[in-house]
Amino acid sequence: MKFRAKIVDLACLNHFTRVSNMIAKLAKTCTLRISPEKLNFILSDKLASGGVSMWCELEQENIFSEFQMEGVSAENNAIYLELTSENLSRALKTAQNARALKIKLTNKHFPCLTVSVELLSSSSSSRIVTHDIPIKVIPRRLWKDLQEPSVPDSDVSIYLPALKTMKSVVEKMKNISNHLVIEANLNGELNLKIETELVCVTTHFKDLGNPLLSSESASQSRHPEDMAEVHIDIKKLLQFLAGQQVTPTKAVCNIVSNRIVHFDLLLEDISLQYFIPALS
Amino acid sequence: MSGHTDGLRPPLAAASRSLFGKAIQTLSRVSDDLWLDPSEKGLALRAVNSCHSTYGYILFSSLFFQHYQWSPSATMRDNDIPMNLNCKLAIKSILPIFRCLNYLEKSVEKCKIVSRLDKCRVVFQFFCKHGIKRTHNVYFQDSQPLKILFEKSLCANILMIRPRLLTEAIVLLTSNQEEVTFSVTPGNFCLKSSSGESLDLSSSVYSEMSFDPEEFDFFQVGLDTEITFCFKELKGILSFSEVMHVPLSIYFDFPGKPVVLSMDDMLLEANFILATLSDHPSRVSSPQSQSLCLSQALRRTEPTQSSAQVGQSQASQAPESISRAAPKRLFPKDPLDSSCATETKRASTNQDDISEVPESVVSDMEEGPGPSQLRKFSCMFFGAVSSQQQEYASHPLDSLAIASDSEEDWDTDRLERAGLRVPAAMVSQSQGIQQMLQAEKPVAKKVSEARK
């Protein structure tokens, strides 16, 4: 198994750092999948994450100027690593004004992802800082649990409002209730509702627009005013929203009534999918 | 000792006040207590942390003050050595006085410090703008200041660097590290964060950064070595040295021997002695070999009874160690605290017997696979206990650093009879300090020459 990659462009580096920061906020521990074309940050719906799953994908050639990898075997040309997301984002943070950044898979006492940053120090000689991030290699038999989740046939698909606004609303709602109902219809309306014995609070978002549906979609016959709703844990929604530091290029929310809510974001060229299951 | 009024009276000049305040703040990070130790050289502030792994000593020369007056209140019975002002202040009492450095510089016009032995207090007076005068009476405890004699010049490795460079580097290491490692060879200096010894995913990232010897103002490496010590202390010391605007000098040797960080300008000298981790991979299995902190009571032993033991322990002069808990947590609070607590208790009971303090060993020592080493912290002030640690017996310095006790009458003959070769620097208390300070001067010269 081998992996080495290099970033020399500052914009690419910052982009990668931002993605890493976002992942660090979304998942404490995640899986990094390295394949010849892509890098994926994966959180599968284990009990530990409370059923939440995440799939983040980026095309390696958009970020790295050099990229070489050799997977476990020829047929299984991929590497699956488990790491603490914050370790990666902190290491990348030291590379803010770096000349170059190299990442490679190493085995110093234990398997690591070594991030090596070349900085211009104040004494005008370049300085190299290396960070060895401990990782765990995930054996092949567990790979099946870490595949790209299938996008469910949603009842409603809607564009999200400004995520910052959603976040501040949900933050306040969190103090009142532990679970929240998210509902939307094909008329561009999305509501966030919480309900307790004493009070009900609903925030209405209108004129959001709905993405065009494919012709086989189940929701073709759906009445546009009908709301599809899911009861979810408010903390999970908040965690998702808190991770979004940048305005996405595209943000879609797909709801399968009473089953799951699926957030599909595009951050420039990086795609993020986040699934929150309904509370049982 | 008769009652007496003025031990010292130094008004502080303008910008010096904030420097003085900064010194107190830096020492407050070390310990909860501070010794005020005036002598004819100047006013020294000393602090040592509870585990005796960090010792800070800042000497403000008499020239630092606009006016400095010190008169010894009495002399010791036999030798005519002036008695110190045994003044220990609680940091809690004086830190608030010197907390706001800006205020000290801008609004305070003069600061006067007077000690009043008869009333057991130190008086800090601030003469501020608009005719305001603030007076703080701080009571002190009568306590012998701990003085450490340490031969910096005998260290194999001496480095001098602008603190700014190190500070910038420190920022790049991940912030939750507890320890930092300096790794040197004649061609390279490497700063490392503590190596994670656990295979757990959540173990911390291991970071490393190299410096070229060119970046140092002075770079002498006689011994390829790696020393590890407390990261938090380094940060505090760097911040003080930046305020002093002088390069930081680093003196060290083999792991286990304390590292000295010092800053010296004409008016002010600051030294921080930090214990370093010693590397004894073979020691893992036997708890017996994991020796412990001896209290200062060691110094007060009856020569007849325990000279043999003293001789033996000092002769073997390997660092004694406080054994570590599971490597993940490098400063295990509980075992360390218990050993410190026992230690202080011993100090106060003034026992003559050097029986070992009940072990602070933590039994659940993990020895991970691979070359992970069990690391033990050295308590730097005291001689070794275990007879097993003989490796450093051949090293010229008998002890790493010796606490001098001014009440002691170091009888060279007696110690030599016990088989102990007394290092030149340690003859009798006051002479010892003089010698140490004299010994340091050549180094200072060498360093300043190198600066040019």
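## Close-up views of a predicted two-chain model

**View 1. Strand 8 and strand 9 of chain A form an antiparallel pair.** In this predicted model, strand 8 (residues 110–120) of chain A and strand 9 (residues 126–134) of chain A are joined in the antiparallel sense by nine bridges; strands are DSSP runs of E with at least two residues, numbered from the N terminus, and two of them pair if DSSP finds at least two bridges between them. Within this pair, A:Thr114 stands opposite A:Asp132 of strand 9 of chain A. Strands of a sheet pair through backbone hydrogen bonds, either parallel or antiparallel.

**View 2. An open sheet is built from strands of chain A and chain B.** Nine strands, paired in the antiparallel sense, follow the order 5(A)-1(A)-7(A)-8(A)-9(A)-13(B)-12(B)-11(B)-15(B). Strand 5 (66–70) of chain A and strand 15 (225–230) of chain B each have a single partner strand and stand at the edges, so one side of each is left without a neighbour in the sheet. From one strand to the next, the twist averages 20°.

**View 3. Helix 4 of chain B lies across strands of both chains.** Helix 4 (residues 163–172) of chain B, a helix being a DSSP run of H or I with at least four residues, lies across strand 8 and strand 9 of chain A, and also across strand 12 (188–193) and strand 13 (206–211) of chain B. The helix runs at about 155° to strand 13 of chain B, where angles run from 0 to 180 degrees between the N-to-C directions of axes fitted to C-alpha atoms.

**View 4. Confidence is given for chain A and for parts of chain B.** The mean pLDDT, the predictor's confidence in each residue from 0 to 100, is 88 for chain A, with 95% of its residues at 70 or more, whereas chain B averages 63, with 52% of the residues scoring at least 70. Among the elements of chain A, strand 9 has the lowest mean pLDDT (86) and strand 14 (residues 200–205) the highest (94). In chain B, pLDDT stays under 50 over residues 1–7 and over residues 195–199. Where pLDDT is low, the predicted coordinates should not be read in detail.

**Notes.** Residues are numbered from 1 along each chain as its sequence is written, and chains are lettered from A and ligands numbered from 1 in the order in which they are written. Local features need pLDDT of at least 70, side-chain atom pairs count only at pLDDT 80 or more, and totals for chains, interfaces and linings use all residues, while side-chain values use heavy atoms, with hydrogens and water left out.

Note on methods: Contact means heavy atoms within 4.5 Å.
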